[in-house]
Amino acid sequence: MDTGPPVQKLYQQIARQIAAAIAAGQYTSGDKLPSERELADDFGVSRPTIRDAMIALEFQGLVEARQGSGVYVSAAPPQNPEYAADTEVSALELAEARRLFEGEACALAAAIITDEQLALLDRLATDMAGNIASEDLERLEQEFHLAIAHATGNAAIEAGVADLWTLRQQSPLGAAVLRRARIDSGGDFVGEHRKIVAALRRRDPKAARQAIHGHLTQLINDVLALAELDAVEQTRQKMAEQRRLLASRTDI
């Protein structure tokens, strides 16, 4: 039964409206957008919702955030931008799906992986260690996990794992949360990947599954910890706003 197009989340609706205003010329290249608080008041939403909308617009190349200055319309916005992805999944959903699918892919790969494929994984892990603070790290990690999927010798499994990474690229907010979680992680990012290679080298499917589960469980825990911090910050901002409103009323 056709249930129609997916309902967009609130931040996606806001992002689409701002993108439409940019396309209509209300904001032109180089213009500074109203502040987060002003936009929240204009749209009648919370500041975190506006913040998420800005992440989506920045991902689409429509705006750029300048540290300490604000958010500006990009100098060369796309001609036909996709203002918001129709399929947006959360960081937690992505991590959970990867744990399910990549764990079994890794177990299968352990039984048949070649020395050449192990050597590639070794090189990628070494490259990750040398680019831990680089923008290349995400690309290297993707290559690492896709290489494991390729080592299964099963094109359907390889395509399924690749689709999860594509979905991440199409989910700007989820991708941004995953990056923040990695930066603030309490785990050993490179060490976790080397444990995966070590288990594959032993040709031990159970250990390989456990190694990748350990890596992605750490990611899930990091995402949850980040969500807790964000919830505390949102509560702090909400209480500060209430104090400001109460203070303005006592001045009447």
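In which helix is D222 found? In this predicted model, D222 is found in helix α10. The residue is buried yet takes part in no salt bridge, and R182, the nearest side chain of opposite charge, is 9.3 Å away. When residues up to four places away in sequence are left out, D222 touches A181, S185 and G186. Helix α10 also holds A225. With a relative accessibility of 36%, A225 counts as partly exposed. The C-alpha atoms of A225 and G103 are 23 Å apart in space, and the two residues are 122 residues apart in sequence.

The chain as a whole contains ten helices and two strands. Their order along the sequence is α-α-α-β-β-α-α-α-α-α-α-α. The C-alpha trace spans about 75 × 45 × 40 Å along its principal axes. Of the 252 residues, 40% count as buried. Among contacts with a separation of 6 or more, 72% come from residues 24 or more positions apart. The chain exposes about 14,100 Å², of which carbon and sulfur atoms supply 53%. There are 27 positive and 37 negative charges, and the mean positions of the two sets are 5 Å apart.

The two strands, β1 (residues 63-66) and β2 (residues 70-73), pair in the antiparallel sense over four bridges. Together β1 and β2 form a hairpin with three residues between them. In the turn, G68 has a positive phi of about 75 degrees. Within this pairing, A65 stands opposite V71 in β2. A salt bridge joins the side chains of R66 and E64, with an N to O distance of 3.2 Å. Both residues of this salt bridge are partly exposed: R66 has a relative accessible area of 38%, and E64 has one of 34%. Ahead of the hairpin, G61 lies in the loop between α3 (47-59) and β1. G61 counts as partly exposed, at 27% relative accessibility. Measured by position in the chain, G61 and A151 are 90 residues apart, and their C-alpha atoms are 35 Å apart in space.

Ten salt bridges are counted in the model. One of them is formed by D115 and R203, whose closest N and O atoms are 3.1 Å apart. This pair links distant parts of the chain, since D115 is in helix α5 (residues 115-130) and R203 in the loop between α9 and α10, 88 residues apart. D115 counts as exposed at 54% relative accessibility, whereas R203 counts as partly exposed at 34%. The loop that holds R203 runs between α9 (189-201) and α10 (205-250). Although R203 is not a glycine, it has a positive phi of about 55 degrees.

A further salt bridge is formed by E138 and R179, with the closest N and O atoms 2.8 Å apart. E138 lies in helix α6 (residues 136-151) and R179 in helix α8 (residues 172-183), so the pair ties together parts that are 41 residues apart in sequence. E138 is buried because its relative accessible area is 17%, under the 20% limit. R179, by contrast, counts as partly exposed at 30% relative accessibility. Elsewhere, E36, R47 and R51 are linked in a network of salt bridges.

Methods
Residues are numbered from 1 along each chain as its sequence is written. This is a predicted model: local features need pLDDT of at least 70, side-chain atom pairs count only at pLDDT 80 or more; totals for chains, interfaces and linings use all residues. Side-chain values use heavy atoms; hydrogens and water are left out. Buried means under 20% relative accessible area, exposed over 50%, partly exposed in between (1.4 Å probe, protein chains only). Contact means heavy atoms within 4.5 Å. Accessible areas come from the Shrake-Rupley method with a 1.4 Å probe; for residues, only the protein chains shown count as cover. Lys and Arg count as positive and Asp and Glu as negative; His and the chain ends are not counted. The place of a charge is taken as NZ of Lys, CZ of Arg, CG of Asp or CD of Glu. Two strands pair if DSSP finds at least two bridges between them. A salt bridge is a side-chain nitrogen of Lys or Arg within 4 Å of a carboxyl oxygen of Asp or Glu.
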